[in-house]
There are 2 protein chains.
Amino acid sequence: MRRDNVYYKEDFLSHRKVTKELAEKIDKKNYGYRPTDTSMTAEELVTHMLSSFHQFACMAAGKEPEKLHEGTEDVSLNELADRYTEASVKVIESMDEETLEQTVDLTEMMGTKLPAWRLLEIAIDHEINHKGNLFVYVRELGYNQLPMYVKM
Amino acid sequence: MRRDNVYYKEDFLSHRKVTKELAEKIDKKNYGYRPTDTSMTAEELVTHMLSSFHQFACMAAGKEPEKLHEGTEDVSLNELADRYTEASVKVIESMDEETLEQTVDLTEMMGTKLPAWRLLEIAIDHEINHKGNLFVYVRELGYNQLPMYVKM
């Protein structure tokens with residue numbers, strides 16, 4: 001039951017691949033789509049998922065998160081998804097057993113301290129939650145042939 | 001890093017409590033609400049979450065799933081959520097270390113065999129995914145003060 005960086009990389013990708021498949025269905029003209037006035041737009045939601053996972057993973061690995069895009073940059077969600085996924089995979093791959101067991105101080109953010117591997121799991125849960133939002137957005141944009149929520 | 005039934009019970013409840021909080025916001029008159037013609041209704045979605053988790057947990061524990069409601073029964077989603085949550089917690093509590101390590105044959109359903117603890121994790125991921133759908137439904141029903149996706 002012990003888990004290494006390969007396990008976490010595969011677990012992350014089993015969900016991120018689906019996130020990317022959903023993001024590919026969002027035409028640029030629909031980037032501003034939001035189901036209600038108080039919802040994130042499709043673009044904000046996908047960008048939040050990509051950048052949050054990367055930040056969580058960097059915090060878990062004790063690294064400074066990289067800034068992988070500027071708000072003003074004209075870049076597609078597909079390109080952003082590729083960029084962030086590649087960088088996040090590299091961060092997970094860099095985590096050896098000792099790093100995975102290190103305590104990460106999240107007192108300010110979450111009022112607690114956690115082992116790094118647990119923070120990776122929370123990051124994956126965060127992705128699954130928002131991917132669940134994204135499924136509804138994409139269906140509302142007219143798609144009804146949608147993938148399973150995970151690619152094992 | 002070894003995990004026992006108490007860990008899995010708490011992990012499950014950290015998400016189920018939020019599912020229940022969202023379900024409480026759905027008035028009976030909105031049980032038939034669906035975001036698109038091809039979506040599950042709010043009632044179908046919540047019922048699917050409750051019964052699927054219970055089935056996964058029973059499969060993991062090597063028990064026959066209980067039938068906790070009839071399609072024709074006039075029962076609120078809150079009552080159903082209480083009923084299923086209580087039963088699912090009991091199933092998880094019944095799983096000792098040996099049961100958690102048992103191999104569950106899911107060849108027909110998922111083309112694979114898994115240890116019982118891994119099936120519990122998949123069941124929790126399934127809950128998180130559909131809870132992500134439910135957040136959008138509830139926002140579309142007029143609520144914009146929504147809880148965090150997990151109650152730690």
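Which side chain of chain A meets B:Arg118 in a salt bridge? Let's look for the partner in the close-ups below, all taken from a predicted model.

**View 1. A salt bridge joins B:Arg118 and A:Asp11.** Here is the partner: the side chain of A:Asp11 meets that of B:Arg118, with 3.6 Å from N to O. Between chain B and chain A, the count of salt bridges is four. There are also 12 residue pairs in polar contact between the two chains, both residues being at pLDDT 80 or more.

**View 2. Helices H1 and H6 of chain B touch chain A.** On the chain B side, helix H1 (5-23) and helix H6 (116-140) are the elements that give two or more residues. H6(B) gives the most, with 15 residues. Sorted by class, this side of chain B holds 13 nonpolar, nine polar and nine charged residues.

**View 3. Chain B and chain A meet across a shared interface.** Take a step along the contact and you will find 31 residues of chain B touching 30 residues of chain A. About 2700 Å² is buried between the two chains, and carbon and sulfur atoms give 60% of that area.

**View 4. B:Gly132 lies by the axis that relates the two copies.** A turn of 180° with a shift of 0.0 Å along the axis lays chain B on chain A, with an RMSD of 0.0 Å. The two copies are therefore related as by a two-fold rotation axis. Within chain B, the C-alpha nearest this axis belongs to B:Gly132, at 2.0 Å. The same surface serves both copies, as 97% of the contact residues of chain B recur in chain A.

Definitions and conventions:
Residues are numbered from 1 along each chain as its sequence is written. Chains are lettered from A and ligands numbered from 1 in the order in which they are written. This is a predicted model: local features need pLDDT of at least 70, side-chain atom pairs count only at pLDDT 80 or more; totals for chains, interfaces and linings use all residues. Side-chain values use heavy atoms; hydrogens and water are left out. Contact means heavy atoms within 4.5 Å. Buried area is the accessible area (1.4 Å probe) that two parts lose on being put together, summed over both. A polar contact is a pair of N or O atoms within 3.5 Å; within protein, one must be able to donate a hydrogen and the other to accept it, and residues adjacent in sequence count only if both atoms are side-chain atoms. Helices (H or I, at least four residues) and strands (E, at least two) are DSSP runs, numbered from the N terminus. Ala, Val, Leu, Ile, Met, Phe, Trp, Tyr, Cys and Pro count as nonpolar, Asp, Glu, Lys and Arg as charged, and the others, Gly among them, as polar. Copies are superposed by least squares on the C-alpha atoms of residues with pLDDT of at least 70 in both.
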